[in-house]
Amino acid sequence: MTQPLLEVRDLKKSFTVKTDLFGRPTAQVKALDAVSFTLNAGETLGLVGESGCGKSTTGRAVLRLIEPDSGSVRFEGKEVTSLSPAEMRPLRREMQLVFQDPYSSLNPRMTIRQILEETYIVHGVGTRDERRDRIESVLDRVGIRPDQMDRFPHEFSGGQRQRIGIARALMLNPKFIVADEPVSALDVSIQAQVLNLLTDIQDEFGIAFLFIGHDLAVVEHISHRIGVMYLGRMVELASDTDLYATPLHPYTQVLLEAIPSMDPNVKPARASLRGEVPSPLSPPSGCHFHTRCPHKKPICEQLAPPLAEAAPGHMVACHLYSTATASPVIEETSTERA
Ligand code: SF4
């Protein structure tokens, strides 16, 4: 079996939100509660869930932009979490990040050329002329005219700035990019262009993406597989076709029902999601979703269901699927984009 490019196991991260007079933590949020998944070379895994579910924290913890408390992140078989800063440096070339807000991630006092060249200078790449040639080539690839490289970020539109953000991520020929809500800040008309650019880049360079989003239609468009997160846990993980055709977890089912229909007479099914969103400071016991779940059983309040395979390639964390007989028939896994 081929080794995945990225293998994440039981990743945990808590943030202290309150301390006592002596600085000791008195309240903590479990942002990640044993998150596990794999990502293959050239594949896109979409991560979805409501705000605060831990999807952005997952992306940053995988890149070690924040330090996970425990768990394992293996990139090309190498354990990332135990590397020193010096050992991480060569790996940073391979693992890049595209931010949600391209404007705040680009230094307004630097030209585009300076911003992009900084990446090469930090990593000691090429001569001045080689760096210039490479910057021109990457800008051209993302649809920015190279003669615009001496302009400042404010001279570009939102869509162009995100293209520049993507160019910056591509400068060092990465194998893996975390794209953290890369189109959320863009007009709908521009979103499709940027998504198509990411898809073209993946086809051309074989880059794997961890694509974080909250718009299920956008995530479906670009992902081969999709993970659904709820209050710091992965609750469902499946191919895009399986997830949308046969969602198993009650939370996923509600999320998909809530996608607005193109038909103005069809109302979104928000009403089927019961109760308030629990506070991440004191998440419900057992299955975190039990306070809102229409299928709750007594065991759900006591025991957190493990993420287990309910059908080939289709993982779900729900007691409804804890026996083989409860597993519904799932279509064959596909890696084709919708
Ligand atoms: Fe609902 Fe129980 Fe499944 Fe949680 S484990 S989603 S409460 S049925």
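The second largest cavity of this predicted model encloses about 30 Å³ of space. Its lining is formed by Leu97, Val98, Phe99, Pro102, Ser105, Gln162, Gly165 and Arg168. Two elements, β6 (95-98) and α5 (158-170), each give two or more residues to this lining. The largest share comes from α5, which supplies three residues. By class, the lining of the second largest cavity consists of four nonpolar residues, three polar residues and one charged residue.

How many cavities of 30 Å³ or more does the structure hold? There are two. The largest cavity contains about 100 Å³ of space. It is lined by 13 residues, of which Cys287, Cys293, Cys300, Cys318 and His319 lie closest to the centre of the cavity. The lining of the largest cavity comprises eight nonpolar, three polar and two charged residues. As to the principle behind such a search, a probe the size of a water molecule, rolled over the atoms, reveals where empty space remains.

The largest cavity is also where the ligand sits. Which residues are found around the ligand? Four cysteines, Cys287, Cys293, Cys300 and Cys318, belong to this group, and so do the histidines His249, His290, His295 and His319. The remaining members are Pro250, Phe289, Pro305 and Leu320. Cys287, Cys293, Cys300, Cys318 and His319 thus appear both around the ligand and among the lining residues closest to the centre of the largest cavity. In terms of class, the shell around the ligand has eight nonpolar and four polar residues, with no charged residue. The lining of the largest cavity, by contrast, includes two charged residues.

The two cavities belong to a chain with 10 helices and 12 strands. Along the principal axes, the C-alpha atoms of the chain fill a box of roughly 65 × 55 × 45 Å. Why may the overall dimensions be described as those of a compact globule? For 338 residues, a compact globule would have a radius of gyration near 20 Å, and the chain, at 21 Å, therefore agrees with that expectation. Of the 338 residues, 49% count as buried, where buried denotes under 20% relative accessible area.

Conventions:
Residues are numbered from 1 along each chain as its sequence is written. This is a predicted model: local features need pLDDT of at least 70, side-chain atom pairs count only at pLDDT 80 or more; totals for chains, interfaces and linings use all residues. Side-chain values use heavy atoms; hydrogens and water are left out. A residue is near a molecule or strand if one of its heavy atoms lies within 4 Å of it. On a 1 Å grid over the protein atoms alone, a cavity is a set of points where a 1.4 Å probe fits but cannot get out, and a pocket is an open set with protein on both sides within 12 Å along at least five of seven lines; lining residues have an atom within 4 Å of a point. A molecule sits in a cavity or pocket if more than half of its atoms lie within 2 Å of its grid points. Ala, Val, Leu, Ile, Met, Phe, Trp, Tyr, Cys and Pro count as nonpolar, Asp, Glu, Lys and Arg as charged, and the others, Gly among them, as polar. Grid points are joined across faces, edges and corners, and a volume is the space filled by probe spheres set on the points. Helices (H or I, at least four residues) and strands (E, at least two) are DSSP runs, numbered from the N terminus. The radius of gyration is taken over C-alpha atoms; the globule rule is 2.2 Å times the number of residues to the power 0.38. Buried means under 20% relative accessible area, exposed over 50%, partly exposed in between (1.4 Å probe, protein chains only).
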